[in-house]
Number of protein chains: 2
Amino acid sequence: MLAATLSLAGGSCFGQSTDTFQPATTNVPGAEYPRIDAQRRVEFKIKAPDAKSVAVSLGGPSVPLTKGDDGTWTGTTEPIVVGFHYYSLIIDGVAVNDPGSHTFYGTGKDSSGIDIPEVGVDYYSRKNVPHGDVREHWYFSKVTGTWRRVFVYTPPDYDTNTSARYPVLYLQHGSGEDETGWSRQGDASLILDNLIAEGKAKPMIIVMANGYATKAGAKPVPAPAMPGMPAPAPGTPPRMMIPSAVDEEFTASLIPTIDATYRTIPNRANRAMAGLSMGSVQTMQITTAHLDTFGYIGAFSGISFTTVNLKTDFSGAFADADSFNKSGTVLFVGVGTTEFDRMLQGVHDFHKELVDAGVKHVYYESPGTAHEWLTWRRDLHEFAPLLFQQAAK
Amino acid sequence: MLAATLSLAGGSCFGQSTDTFQPATTNVPGAEYPRIDAQRRVEFKIKAPDAKSVAVSLGGPSVPLTKGDDGTWTGTTEPIVVGFHYYSLIIDGVAVNDPGSHTFYGTGKDSSGIDIPEVGVDYYSRKNVPHGDVREHWYFSKVTGTWRRVFVYTPPDYDTNTSARYPVLYLQHGSGEDETGWSRQGDASLILDNLIAEGKAKPMIIVMANGYATKAGAKPVPAPAMPGMPAPAPGTPPRMMIPSAVDEEFTASLIPTIDATYRTIPNRANRAMAGLSMGSVQTMQITTAHLDTFGYIGAFSGISFTTVNLKTDFSGAFADADSFNKSGTVLFVGVGTTEFDRMLQGVHDFHKELVDAGVKHVYYESPGTAHEWLTWRRDLHEFAPLLFQQAAK
């Protein structure tokens with residue numbers, strides 16, 4: 001064992017490479033596969049001499065791999081759309097991780113992921129600019145009765161400019177993801193480092209918290225029926241769940257903790273919230289119920305889980321357009337043009353209703369991207385420059 | 001898709017549990033398996049209706065799982081030794097991750113891991129004490145010509161006591177691991193939070209860096225022969241590698257970066273280095289070559305990749321016991337009592353040579369633990385209280 005590690009003692013071993021295919025940046029060190037060519041095709045390779053079938057599931061139909069004489073399975077996809085994608089290898093019917101890939105928490109597990117580069121786009125690249133730190137911070141929540149982990153981006157000058165206070169963006173992940181998502185899959189810190197260096201965004205703190213929370217001691221209740229889903233068969237025991245307490249966790253626990261721990265400017269003119277998908281729905285719910293707390297709202301690919309009524313929903317925040325507009329609250333609504341129909345339609349309908357009602361907002365469509373992280377990187381890149389530039393009243 | 005996420009919108013779904021088996025703390029949220037009973041047996045479960053065989057590899061011989069009528073494979077291990085273990089599921093001969101487990105970078109990939117609790121031991125538990133942050137920091141190294149990631153633990157009062165400066169412990173991972181290891185598998189931040197709260201360790205910064213580094217522009221050379229390995233067959237192309245530049249990366253790049261970025265006390269009396277396995281060998285090499293830089297040395301399960309000669313090795317640091325002892329340098333040597341023979345013997349021999357030569361040091365054996373993370377958590381728990389308590393001259 002010791003001998004086997006000798007040549008790895010801090011040096012670097014490596015293998016073949018080709019001019020056309022390059023290992024994905026999301027690979028573990030030394031892994032040559034998966035690898036990507038200039039046409040954005042991805043080649044996979046895994047040794048599985050005893051398997052009957054191996055395929056790759058990377059969104060869309062799975063791509064079968066072909067077995068070679070040495071028991072190694074290989075295959076190449078069609079060109080893949082740019083951006084970050086979760087994926088699995090399917091070995092004899094079981095979806096598993098690719099050992100060549102780092103894992104990223106999504107789809108409710110630590111999943112393989114691959115980032116297909118965008119030629120000529122560098123707003124989420126690591127460049128020679130000052131970089132902020134991303135801090136892992138733990139706090140005890142009296143709301144949930146548990147220790148909770150939160151990641152906090154502090155801007156590049158936070159540690160040197162120690163008398164300065166900063167505005168805060170709360171930035172939420174989607175369903176099946178967690179508080180690691182925005183800094184890993186979302187490259188939030190790189191996007192802000194670059195925007196701040198260019199003078200396009202104000203230095204700000206970003207708080208990336210977990211979007212799952214239940215109240216201490218809460219008991220399970222029957223889950224609400226899912227819209228559009230068939231009723232369960234008679235006699236089926238009800239599906240149980242503990243209701244979400246994310247709103248209370250945010251307002252009574254997380255925000256006071258952040259304001260007490262970091263050098264924030266604790267008022268609505270300097271506090272924003274945004275999220276993606278489930279986190280976007282949470283953002284819409286929490287911010288509109290607390291317009292005295294948040295001056296900036298970012299809804300990335302998610303408005304509501306039910307049909308929207310602008311007059312009565314969202315705590316009535318949009319019931320009177322004039323009143324909302326006078327508040328100076330910045331509302332950003334984004335969606336990818338190739339998201340699934342219901343999402344695309346839902347966000348577009350909401351935008352149209354806002355227009356019809358005269359509610360000021362910024363609407364952004366990410367061209368050619370789906371319900372995936374590149375849509376949300378672009379949203380953040382569009383949204384962050386709008387933040388804390390005007391005084392939300 | 002949206003409907004399917006409704007009941008997960010920040011609430012909590014859950015399933016069955018038993019009085020005896022509890023889900024591992026290393027599981028992803030909601031995963032009931034793997035689960036552990038009071039006898040430290042572990043039960044695994046995975047759905048794989050088309051697989052021919054499923055087993056668990058958790059150190060020692062793999063444990064076969066048994067297929068049920070519903071295509072689900074289950075099985076329970078014999079009692080497992082306490083502490084953290086990497087493991088794999090073996091599905092039709094391929095080692096893959098368990099989707100129920102979080103992943104931990106080790107064995108050269110993001111691997112499943114399980115923590116078997118120690119009854120009555122809480123020095124690495126999350127307790128109601130002040131917690132430091134663990135920061136992800138990136139810096140550009142002129143030595144390697146690349147951006148490098150480092151994790152930096154800042155003690156609980158770092159952000160409030162802004163005029164204070166702190167001593168620094170550099171803490172290195174092992175082969176096939178990376179800079180995430182000590183805070184995730186090693187619980188380094190929890191160990192220090194608890195020691196600091198009890199007044200048993202001084203508040204300190206811990207720097208957890210990547211132990212792989214090669215010089216910018218370095219060309220591959222034939223790898224050295226591995227001791228104890230048979231010579232390659234005639235005609236075999238030489239195994240190539242790029243030599244390690246970890247020493248230069250530490251002294252010319254990492255340490256100056258840390259001292260310029262964080263509020264350190266930049267002298268040998270306030271600078272320690274420790275590591276495990278490969279990181280321990282690196283620690284021995286780097287500290288002894290730079291005794292003007294480091295006043296404290298922690299060798300956890302690793303001394304050298306070759307037979308030790310105390311008179312000539314380690315830059316001669318131990319050639320003159322009197323001189324070393326007078327320097328006030330604290331040397332800590334640790335090993336687990338069930339580590340593989342060669343490691344156990346090597347560390348014990350080194351300890352004996354130090355005793356025979358009269359070189360002052362602290363020797364610690366972790367009872368009943370192998371070449372695994374619990375040995376190294378215990379080492380850190382023993383080593384940290386020794387740090388920065390005396391003035392290394």
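**Exercise 1. Which residue in S3(A) does Ile36(A) stand opposite? Place that pair in its sheet.**

Keep in mind that this is a predicted model.

Step 1. Start with the pair itself: across from Ile36(A) you find Val42(A), in S3(A).

Step 2. Now look at the strands. Strand S2 (residues 35-36) of chain A runs antiparallel to strand S3 (residues 42-47) of chain A, and two bridges hold the pairing.

Step 3. Zoom out to the sheet. In chain A, five strands line up as S1-S2-S3-S7-S6 in an open sheet with antiparallel pairing. At its edges sit strand S1 (22-23) and S6 of chain A, each pairing on one side only.

**Exercise 2. Work out which strands stand at the edges of the open sheet in chain B, and what that leaves them without.**

Step 1. Write down the strand order: chain B has an open sheet of five strands, S1-S2-S3-S7-S6, paired in the antiparallel sense.

Step 2. Read off the ends. Strand S1 (22-23) and strand S6 (66-67) of chain B each have a single partner strand, so one side of each has no neighbour in the sheet.

Step 3. Check the S1 end. S1(B) pairs with strand S2 (residues 35-36) of chain B, antiparallel, over two bridges. Within that pairing, Pro23(B) has Arg35(B) in S2(B) as its bridge partner.

**Exercise 3. Find the residues that form a positive surface patch, and say where Lys67(A) lies.**

Step 1. List the members: Lys52(A), Lys67(A), Lys52(B) and Lys67(B) make up the patch.

Step 2. Pick out Lys67(A) and find its strand, which is S6 (residues 66-67) of chain A. Remember that S6 of chain A is an edge strand, pairing on one side only.

Step 3. Check how open the residue is. Lys67(A) is partly exposed because its relative accessibility is 40%, and partly exposed covers the range between under 20% (buried) and over 50% (exposed).

**Exercise 4. Trace the salt-bridge network that includes Arg135(A) and Arg135(B).**

Step 1. Collect the members. Salt bridges link Asp133(A), Arg135(A), Asp159(A), Asp133(B), Arg135(B) and Asp159(B) into a network.

Step 2. Take one link from it: the side chains of Arg135(B) and Asp159(B) meet at 3.6 Å, N to O. This pair ties together distant parts of the chain, 24 residues apart: Arg135(B) is in strand S12 (residues 133-141) of chain B, and Asp159(B) is in the loop between strand S13 (146-154) and strand S14 (168-172) of chain B.

Step 3. Compare the cover on each partner. Arg135(B) counts as buried because its relative accessibility is 0%, whereas Asp159(B) is partly exposed at 24%.

Step 4. Turn to chain A. Arg135(A) belongs to strand S12 (residues 133-141) of chain A, and a relative accessible area of 0% makes Arg135(A) buried. For a sense of scale, Arg135(A) and Gly60(A) are 36 Å apart, C-alpha to C-alpha, with 75 residues of sequence separating them.

**Exercise 5. Of the 34 salt bridges over all chains, examine Asp322(A) with Lys326(A) and Asp122(B) with Lys127(B).**

Step 1. In the pair Asp322(A) and Lys326(A), the closest N and O atoms are 3.3 Å apart. Both residues lie in helix H5 (residues 321-326) of chain A, four residues apart, which is about one turn of the helix.

Step 2. Asp322(A) is partly exposed, at 45%, while Lys326(A) is exposed, at 56%.

Step 3. Over in chain B, Asp122(B) and Lys127(B) form a salt bridge with an N to O distance of 3.3 Å. Asp122(B) is partly exposed at 40%, and Lys127(B) is partly exposed at 24%.

**Exercise 6. Explain why strand S8 (residues 83-91) of chain B is largely enclosed, and list strands that pair with S8(B).**

Step 1. Eight of the nine residues of S8(B) are buried, so the rest of the structure largely encloses this strand.

Step 2. Go through the pairings, which are antiparallel in each case below.

- Strand S4 (residues 54-57) of chain B pairs antiparallel with S8(B) over four bridges; here Ala55(B) faces Ile90(B).
- Strand S11 (residues 109-116) of chain B pairs antiparallel with S8(B) over five bridges; Phe84(B) is opposite Asp115(B).
- Strand S9 (residues 94-96) of chain B pairs antiparallel with S8(B) over three bridges; Leu89(B) is opposite Val96(B).

Step 3. Finish at the turn. S8(B) and S9(B) make a hairpin with two residues between them, and Asp92(B) in that turn has a positive phi of about 45 degrees.

Conventions. Residues are numbered from 1 along each chain as its sequence is written. Chains are lettered from A and ligands numbered from 1 in the order in which they are written. This is a predicted model: local features need pLDDT of at least 70, side-chain atom pairs count only at pLDDT 80 or more; totals for chains, interfaces and linings use all residues. Side-chain values use heavy atoms; hydrogens and water are left out. Patches are made of residues with over 30% relative accessible area and no salt bridge: like charges are joined within 9 Å, nonpolar side chains (Val, Leu, Ile, Met, Phe, Trp, Tyr) within 5 Å. Accessible areas come from the Shrake-Rupley method with a 1.4 Å probe; for residues, only the protein chains shown count as cover. A salt bridge is a side-chain nitrogen of Lys or Arg within 4 Å of a carboxyl oxygen of Asp or Glu. Lys and Arg count as positive and Asp and Glu as negative; His and the chain ends are not counted. The place of a charge is taken as NZ of Lys, CZ of Arg, CG of Asp or CD of Glu. Buried means under 20% relative accessible area, exposed over 50%, partly exposed in between (1.4 Å probe, protein chains only). Two strands pair if DSSP finds at least two bridges between them.
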